[in-house]
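Student: I've just opened this structure and I'm not sure how to read it. Can you take me through a few features?

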Amino acid sequence: MPCCHWVLSVAESSSNNKTPSWLHRLHTKGGLSFPSHLQIDDLLYGRIQLSPPSPPPLVPPPLLLPPPPPSDRDHAATNPQDPPHNPKSIPKPPRNPAPPNPSDTNNNHPPQPSPPPSPPPLSGVISEIFAVPSAPRSNRLLKPFRKQYRPRPRSNVKPANKDDKDKAKARKRRRDDRDAAAEHGERRSRTEVTVIDTSTDGWKAAKVLVRRGANWKISDRKNSEISETEDHSKGKRRAGLVAKVLRDKKKGKHAASPGNIHPGSGILMKVPDDAAVEAPKRPRSCEPVPVGQSATILQITSSSTCSQP
Amino acid sequence: MAPLRGAKRRKKVAAEKKAAMAAAAAGQGAPGGDWWDGFCMRMAGTLSPAADAHRFEFLFKMPRRTFNYVCSLVKDDMMVRASSYTFLDGTVLSLEDRVAVALRRLNSGGSLVTVGTSVGVNHSTVSLITWRFVEAVEARAGHHLRWPDSDEMAMIKSKFEKIHGLPNCCGVVDTTHIIMCLSSAEPNCKVWLDHEKNYSMVLQAVIDPDMRFTDIVTGWPGSMKESSILHSSGLFRLCENGVRLNGGKLMVSDGSEVGEYVIGDAGYPLLPWLLTPYQENDLSDLKVEFNKRHSAARTVALKALARFKDTWKFLQGEMWRPDKHKLPRIIHVCCLLHNIVIDMEEDAAMDDAQISHDHDANYRQQVCQLSDEKAVRMRDRLSEHLNSS
């Protein structure tokens, strides 16, 4: 990477404590003069040290230092007495004044007249590369929002009518309720459950359970009948294999004969309904089932029980 | 010896299967052979010696006659694809084998693997057979769980009056919790968290004096209270509209009438058709007597639900993340089987000493303070009538 290479060369030059020759050549070609004791910190923090280099700092790293008072920085950055060396190379005053050089922290000298400003783009680029938070950012302007030269028209824009207002009000009311519930630590949950209730016609139904805190709201799910009401025209299995068998059997019964063949004996039996074929009337303990009645139903002889398919 | 591969392996498997089928056919053709003998041989390693005397009832929680009746009910549905389920040795499961596997799954409380290993089938076969059985019983045995007609209701009322001293009582309503294991990461799992911090599904049942279910509601999550479940049930709607419990009225001592009613514990509201006990502290003798008879009659429900959960241990054990849309159907089928067993019993008298009264262990009694003014007056009149009669 050329950028990294360049940074490494700058660091190497600063470690030698003298201005590298390539920098001199650059500035000479550009009409710039450069002090001989330029250090890497000067490049990083944007200030050029005119005084002789101080001993290495004994303080914490420069990133943790608080910025100096703004008056100092403003003064250093915008001193009108500094003559420009070259009108071409004089940059504009930096937007973000540079923080003090950490190598100056032990320096008790009064503030010196500001030197010619260092090239801010250079320090900015380095600070961005090293992610120095206290360092000045580059002077690149923020990219403005892209202007839509041909903005797309919104397709669903309609003139607000009364219904829309009502809907908006209802939505706002719901949102307020929800927020109020959330403030009390209550959360709205929606759960779909399958409920079996033998007292209802479709004894098996899907319900939607909306719970908010201790309050319950129960509603039937749309198309809630998940048993007994099958649409045969769709031809899709919806309630399991047994339901399919019953359906097929019913079809076969209508098509073929009005009776059923008893599976054990092969005798043709005429049954009124498909649902309760062999079942006896529910016996109560007080009204015992006649032996003969149950025997015809329950009689599974040993030979038949042994039969394996 | 190196394992067989390719055609040799396939040939060996086919030969083994053929031999197993031949053996099964030979057993089938034996004149004195019974299905139960073969099944006992398969389960010989897993049967406990103590169960030898009543081995069949120990295994299936029902007598052989009832088992045969269940087989006849589900025969057409269970044998749709007769050769689709086999034992591990390749033998095809007969109808009785399939019903036995499903019943073992529902009443043993064991896992699919445990049940499969005990009877010698793959665990996935156990799962498929059990679900087929549930569908079949659901479709074929619905008439075993229904609201009694007028004649049956007259019998129920006379039994409650004779045994517990409560005239015109038509049943006991109670609730139990079917506990599940859910992951806390599961969406909306808190809905299933009941007041005792268990994940559960609720079963509400109306029970007659023979411990038979006459009405059930299940599928609601455990966080719902008894009163909420009752309020959302078809029973509530029908009773409020006068479609149910609209039979003969009881003429009490002061000349007024008391209609048909069911009784429930303090977790239910006091309604004209649902009488709950007095909950005050200082009760008169009349009220104490009413509470005493009320409590005695309610033991029927406690026993029935305890027996139900003790028989169908699938529901008593803590299921790991069950399908909450399938579980109500399994509960319903267990209720149907519970009623079938009672319906087929020769002697309805149960050994009370063996039946626990605690179907919801460690659950505190819920309390509902709602009461209807008309119901309060009706309960007072009934208390006076009990004392005078």
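Tutor: Let's go through confidence, the core and a hairpin.

Tutor: This is a predicted model, where local features need pLDDT of at least 70 and side-chain atom pairs count only at pLDDT 80 or more, while totals for chains, interfaces and linings use all residues. Residues are numbered from 1 along each chain as its sequence is written, and chains are lettered from A and ligands numbered from 1 in the order in which they are written.

Student: What is the mean pLDDT of chain B?

Tutor: pLDDT is the predictor's confidence in each residue, from 0 to 100. For chain B the mean is 86, and 87% of its residues reach 70 or more. Over residues 24-32 of chain B, though, pLDDT stays under 50.

Student: Which residues have the most contacts inside the largest nonpolar core?

Tutor: In soluble globular proteins, nonpolar side chains tend to be buried together. A nonpolar core is a set of buried Ala, Val, Leu, Ile, Met, Phe, Trp, Tyr and Cys residues joined through C-beta atoms within 7 Å. Buried means 20 or more other C-beta atoms within 10 Å of a residue's own, with C-beta atoms placed from the backbone. Here the largest core has 104 residues, and B:Val99, B:Val137 and B:Cys334 have the most contacts inside it.

Student: Which helix gives the most to this core?

Tutor: Helices (H or I, at least four residues) and strands (E, at least two) are DSSP runs, numbered from the N terminus. Helix 13 of chain B, residues 327-344, gives the most, with 12 residues.

Student: How many residues of strand 3 of chain B are buried?

Tutor: 9 of its 9 residues, 213-221, are buried. Strand 3 runs antiparallel to strand 2 (residues 199-207) of chain B, with 6 bridges joining them.

Technical notes
Buried ≥ 20, exposed ≤ 12 C-beta atoms within 10 Å, placed from the backbone. Pairing = 2+ DSSP bridges. Contact = placed C-beta atoms within 7 Å.
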